[in-house]
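I set out to record what a few chosen positions look like in this structure. The entries below follow the order in which I looked them up.

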Amino acid sequence: MREKLRCAVIGVGAIGIEHLNSLLHCPRAATVAIAELNPQRLREAAEKFHIPRSYSNYEELLEQPDIDAVTIALPNFLHAPVAIAALNARKHVLIEKPMATNAKEAAKIVAAAQKNRRTVMVGKNLRFDKHTQSARLAIQRGDLGEVYHARAFSHRHSEIPRIGSWFTQKSLAGGGCLADAGSMLIDTLFHLLNDFDVVSVSATAHSKFGTRGKGEGTWGKSEIDPKRTFDVEDHGSAFLRMKKGYTVSVETSWAGFHPGDNREEGIDLLGTEAGMSLYPAKLFKQSLQGFETTHFYNTKNGVTEDRFSHFVNCVVEGKKPLIPIEESLKVQQVLDAIYASAESGKEVRLGK
């Protein structure tokens, strides 16, 4: 492998522009090409980032032998087919979350990666957050004692992606806020606890705002369905029982009348010796003076790269990523169980 990884970005909407910005500041990456269906976006991105080659379809881009890796910034339903095509073209792949729209498609990505011996990583940025890394080190040290419950939440007041864009169509997105923020939060919780073994899931999903055309934010540059389709959830919650005996709860929303506090998004963990909250990372424990709060921000032994630099460095150096593709598959399996439980109104068992 060359010292500089020759990268291409597929999809240059809002997320794709973030990919290009990040790769621009990655010293071991060279962005040599982009692909995008929208001709205006393609032209603007090529000019802004001085990309030497641009393609109107990703198939032609994947045929280029001098491209080592691609990052995929496309609607969710395209994650699996494009990733598999890239892997079969012998490219390394970074995919936006969620990994796919369902676990069956995600498993095909894993199989293609193993067959072609290429690196695949789902770029979940919270794993690289310095507070996440500090918290994980504290948990590994045993600062919390035995963790018996954890919860994660993302409470947005009015941030539904543009109604009628692919984000709000189940056939294109796979789901709403649970697939979006939920996939990230579940992954982060499991990473913190170093445990991906779920026994059962009970979940609910509601569509209370988007179906009325309310709660819309400004996110998303995608084309809008003239019918203003909204058939995903704008609020979802799940209760997970883990194999080791503790429980996990996850709650997400794109819109809602949530009481105002300092955290729209966070994680809380309860242990027998202390409790912890993120973001920011704080430890709560008892002292001689009563309960005390410790703010900590120690990244001495943590990951210091962002997700793009980490991916590039792993490919160049032949290392296993911080986010193994097998763990992302397990998160997708849990998401499938969450949606199955929400639809049926019943608990769903895993690991049989």
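**Entry 1: Positive phi in two loops**

I located Arg 117 in the loop between H5 and E6. The model I am reading is predicted. Arg 117 is not a glycine, yet I read a positive phi of about 55° for it. I then asked whether Arg 117 is buried or exposed. Arg 117 counts as exposed, because its relative accessibility is 72% and the cut-off for exposed is over 50%.

I next turned to Arg 90, in the loop between H4 and E5. Its phi is near 70°, again a positive value in a residue other than glycine. Arg 90 has a relative accessible area of 42%, so I noted it as partly exposed. I marked both residues for the record because most residues other than glycine have a negative phi.

**Entry 2: Strand E5 and its neighbours**

I followed the chain into E5, which spans residues 92–95 and includes Leu 94. Which residues of E5 lie on each side? I found His 92 and Leu 94 on one side, and Val 93 and Ile 95 on the other. All four are buried, and both faces of E5 are thus covered. In a regular strand the side chains alternate between the two faces of the sheet.

I then listed the strand partners of E5. Strand E4 (residues 69–72) pairs with E5 in the parallel sense, over four bridges. Within that pairing, Ala 69 has His 92 as its bridge partner. E4, helix H4 (residues 79–88) and E5 form a β-α-β unit, which I noted as right-handed.

Strand E6 (residues 120–122) also runs parallel to E5, and three bridges join them. Here Ile 95 stands opposite Val 122. The chain passes from E5 to E6 through helix H5 (residues 103–116), and this β-α-β crossover is right-handed as well.

**Entry 3: Leu 94 in detail**

I looked up the accessibility of Leu 94 and found a relative accessible area of 0%, so Leu 94 is buried. What does Leu 94 touch, beyond residues up to four places away in sequence? Its contacts include Val 70, Thr 71 and Ile 72, and I placed these three residue numbers within strand E4. I also recorded His 19, Met 121, Gly 123, Arg 307, Phe 308 and Phe 311 among the contacts. Leu 94 and Val 122 are 28 residues apart in sequence, and their C-alpha atoms are 5.7 Å apart.

**Entry 4: Cis peptide bonds**

I checked omega at Lys 97 and Pro 98 and found a cis peptide bond, with omega about -10°. Pro 98 lies in the loop between E5 and H5. I found a cis bond from Leu 278 to Tyr 279 too, with omega near 5°. Tyr 279 is in the loop between strand E12 (275–278) and strand E13 (282–287). I recorded these bonds because most peptide bonds are trans.

**Entry 5: Ser 183**

I came to Ser 183 through its contacts, among them Lys 97 and Pro 98. Ser 183 sits in helix H8 (residues 177–193) and counts as buried because its relative accessibility is 1%. A polar atom of its side chain lies 2.7 Å from the backbone oxygen of Ala 179. Ser 183 also touches Lys 124, Leu 178, Val 331 and Leu 335. Ser 183 and Leu 335 are 152 residues apart in sequence, but 7.1 Å apart in space, C-alpha to C-alpha.

**Entry 6: Cysteines and aromatic pairs**

I searched for disulfides and counted zero. Cys 26 is in no disulfide, and the nearest cysteine sulfur, that of Cys 7, is 7.1 Å away. Cys 26 is buried, at 3% relative accessibility.

How many aromatic pairs does the structure hold? I noted three. In one of them, Trp 166 and Phe 167 are stacked, at 3.9 Å centre to centre with 25° between the planes. Trp 166 is buried at 12% relative accessibility, and Phe 167 is buried at 14%.

Phe 209 and Phe 257 form an edge-to-face pair, because their planes stand at 65°, with ring centres 5.7 Å apart. The pair links distant parts of the chain, 48 residues apart. Phe 209 is in the loop between strand E8 (198–206) and strand E9 (235–242), and Phe 257 is in the loop between strand E10 (247–253) and strand E11 (265–271). I closed the entry with their accessibility: Phe 209 counts as buried at 14%, whereas Phe 257 counts as exposed at 78%.

Key. Residues numbered from 1 in each chain as written. Predicted model: local features only at pLDDT ≥ 70, side-chain atom pairs only at ≥ 80, totals over all residues. Heavy atoms only, no water. Buried < 20%, exposed > 50% of the residue type's maximum accessible area, 1.4 Å probe, protein only. Contact = heavy atoms within 4.5 Å. Pairing = 2+ DSSP bridges. Right-handed = clockwise from strand over helix to strand, strands pointing away. Polar contact = N/O pair within 3.5 Å; in protein donor to acceptor, adjacent residues only side chain to side chain. Disulfide = S-S within 2.5 Å. Phe/Tyr/Trp six-rings, centres within 6.5 Å; stacked < 30°, edge-to-face > 60°.
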